[in-house]
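Reader: Before I use these coordinates, I would like to go through the fold, the packing and the charged pairs in turn. Could you take my questions one at a time and show the reasoning behind each reply?

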Amino acid sequence: MQLAVLRWALPVLLVLSDCSSAAVVKKSGALTNPNEVASAAADALEAVSKNHNGKALQDKRDRWAQVCKLKLVGSQSRAECDNILAGMDDDIEKANSNTGVYGEIIGNLRGIADNPR
């Protein structure tokens, strides 16, 4: 069961991570050992999770907040600006919660990779 899931997940993760783990696949040929597959999948997912960085979103939000301060409080443009900031806050929250999910999955994959068969 684990091997079937990993065989499906690895190509998807490699595509998402711009093939950062392609070297692992090319060096060893077709991965059939669940430990190797899990390790390669964890590496790929780790690369993907780094691309979903909440800090970059927070920096963008902070710059936008500076622009919003220039708008007159109570004006339509300030209300629109505040609405955009609220949307950015939601995006940051989602990115940060995804990081935890990625970490949990990566940890499980590393556990599979480190578990001798």
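Reader: In which helix does Ile 106 lie, and which residues is Ile 106 in contact with once its neighbours within four places in sequence are left aside?

Author: This is a predicted model, and in it Ile 106 belongs to helix H5. With a relative accessibility of 9%, Ile 106 counts as buried because the cut-off for that class is under 20%. The C-alpha atoms of Ile 106 and Asp 43 are separated by 8.0 Å, although the two residues are 63 residues apart along the chain. Leaving aside neighbours within four places in sequence, the residues in contact with Ile 106 are Ala 42, Leu 45, Glu 46 and Ser 49.

Reader: How many helices and how many strands does the secondary structure of the protein chain come to?

Author: Read from the N terminus on, the elements of the protein chain run α-α-α-α-α. Among contacts between residues at least 6 apart in sequence, 73% join residues that are at least 24 apart. The secondary structure of the protein chain thus amounts to five helices and zero strands.

Reader: What percentage of the residues in the protein chain is buried?

Author: The protein chain exposes about 7700 Å², and carbon and sulfur atoms supply 57% of that area. Of the 117 residues in the protein chain, the buried ones make up 29%.

Reader: Which helix gives the most to the largest nonpolar core?

Author: In soluble globular proteins, nonpolar side chains tend to be buried together. Here the largest nonpolar core has nine residues, namely Ala 38, Ala 41, Ala 42, Leu 45, Val 48, Tyr 102, Ile 106, Leu 109 and Ala 113. The elements that contribute two or more residues to this core are helix H3 (34-51) and helix H5 (76-114). With five residues, the element that gives the most to this core is H3.

Reader: Which residues does Ala 42 touch, not counting those up to four places away in sequence, and how many residues make up the second, separate core?

Author: Not counting residues up to four places away in sequence, Ala 42 touches Ile 106, Leu 109 and Arg 110. A second core, separate from the one just described, includes Ala 65, Cys 68, Cys 81 and Met 88, and its residues number five.

Reader: Within what arc do the buried residues of H4 fall when seen down its axis?

Author: The 15 residues of H4 should span 21 Å at 1.5 Å a residue, and this agrees with its end C-alpha atoms, which are 21 Å apart. The buried residues in H4 are Gly 54, Arg 61, Ala 65 and Cys 68, whereas Lys 55 and Arg 63 are exposed on the other side of H4. Seen down the axis of H4, the buried residues line one face of the helix, because they fall within an arc of 55°.

Reader: Is Arg 61 buried or exposed, and at what N to O distance do the side chains of Asp 89 and Arg 61 meet?

Author: Arg 61 sits in helix H4 (residues 54-68), and its relative accessible area of 18% makes it buried. Apart from its neighbours within four places in sequence, Arg 61 is in contact with Leu 85, Met 88, Asp 89 and Ile 92. Asp 89, for its part, is partly exposed, with a relative accessible area of 33%. The side chains of Asp 89 and Arg 61 meet in a salt bridge, for which the N to O distance is 2.5 Å.

Reader: How many residues apart in sequence are the parts that the pair of Arg 110 and Asp 43 ties together?

Author: The side chains of Arg 110 and Asp 43 meet in a salt bridge with an N to O distance of 2.9 Å. Because Arg 110 lies in helix H5 and Asp 43 in helix H3, the pair ties together parts that are 67 residues apart in sequence.

Reader: How many residues apart are Asp 82 and Arg 78 in helix H5?

Author: The side chains of Asp 82 and Arg 78 form a salt bridge at 3.4 Å, N to O. Asp 82 is partly exposed, with a relative accessible area of 36%, whereas Arg 78, at 18% relative accessibility, counts as buried. Both lie in helix H5, about one turn of the helix from each other, so the separation of Asp 82 and Arg 78 is four residues.

Note on methods
Residues numbered from 1 in each chain as written. Predicted model: local features only at pLDDT ≥ 70, side-chain atom pairs only at ≥ 80, totals over all residues. Heavy atoms only, no water. Buried < 20%, exposed > 50% of the residue type's maximum accessible area, 1.4 Å probe, protein only. Contact = heavy atoms within 4.5 Å. Core = buried A, V, L, I, M, F, W, Y, C linked by side-chain atoms within 4.5 Å. Expected span 1.5 Å × (residues − 1). Arc of directions from axis to C-beta. Areas by Shrake-Rupley, 256 points an atom, 1.4 Å probe, with all protein chains shown as cover. Salt bridge = Lys/Arg side-chain N within 4 Å of Asp/Glu carboxyl O.
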